[in-house]
Amino acid sequence: MAAKKSAAKKAAPEDGPAKKLIASNKRARHDYYIDATWEAGIVLTGTEVKSLRDRGASLIDGYCFVEGREVWMDAVHIAPYVKGTWTNHAARRKRKLLLHKSEIEKLASKSREKGFTIVPLEIYFLGSHAKVVIGLARGKKEWDKRQTLREKQDLRETQRAIRQRELV
């Protein structure tokens, strides 16, 4: 007699590795209109990776630029690794970003236009790889910032009024 093998249930495939957010640049979204975003890899040293895993990063003053056929991120603060020795990294240094050639060409042509800049928006781990989301940004005027804040405040007030009405 041949024994029938039961069909093993296959687990549903996951959507891929989990995204672990390290740092977010909320100030950039306040100061700029973000026209387009790209995900890029970052070239890091060992102590920088360990420091990022401890969530020791700040994107506040960071910016990106195209130099030759490479994209660089500068003025991003990655804290020195606490257990690092003389091999520890400099906190604010130029870091190379990894993008496809066509993406670099698009960024270079757009960033040369008046009023555009490239800013880092988020740093996160995707599996074991450190990634950064960079955005092509246009500066907001002061009245644009005030108008955006006013719109957010109005939205908050209407939602609060709706909740209070539902409770009564």
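## Arginine 95, helix α3 and the nonpolar cores

The side chain of arginine 95 reaches the backbone oxygen of arginine 93 at 3.1 Å, a polar contact in the sense of a pair of N or O atoms within 3.5 Å, where within protein one must be able to donate a hydrogen and the other to accept it, and residues adjacent in sequence count only if both atoms are side-chain atoms. The model is predicted, so local features need pLDDT of at least 70 and side-chain atom pairs count only at pLDDT 80 or more, while totals for chains, interfaces and linings use all residues. Residues are numbered from 1 along each chain as its sequence is written, and side-chain values use heavy atoms, with hydrogens and water left out.

Arginine 95 belongs to strand β7 (residues 95-98), strands being DSSP runs of E with at least two residues and helices runs of H or I with at least four, numbered from the N terminus. A polar atom of the side chain of arginine 95 also lies 3.2 Å from the backbone oxygen of alanine 91. Arginine 95 is buried, with a relative accessible area of 1%; buried means under 20%, exposed over 50% and partly exposed in between, with a 1.4 Å probe and protein chains only. Beyond its neighbours within four places in sequence, its contacts (heavy atoms within 4.5 Å) include Ile42, Glu48, Trp72 and His89.

Helix α3 (residues 101-112) has 12 residues and spans 17 Å from first to last C-alpha, close to the 16 Å expected at 1.5 Å a residue, a value taken as 1.5 Å times one less than the number of residues. Within α3, Ile104, Leu107 and Ala108 are buried. They cover an arc of only 100° around the axis, which puts them on the same side of α3; the arc is that of the directions from the helix axis to the C-beta atoms. The buried residues of α3 pack against β2 (32-42), β4 (63-67), β5 (70-74), β8 (116-126) and β9 (129-139).

The largest nonpolar core, a set of buried Ala, Val, Leu, Ile, Met, Phe, Trp, Tyr and Cys residues joined through side-chain atoms within 4.5 Å, has 26 residues, and Ile42, Leu52 and Ile123 are among those with the most contacts inside it. Elements giving two or more residues to this core include β1 (19-24), β2 and α3. A second, separate core of six residues includes Leu121, Tyr124, Val133 and Ala137.

Two further residues are partly exposed:

| Residue | Relative accessibility |
|---|---|
| Tyrosine 63 | 36% |
| Phenylalanine 65 | 21% |
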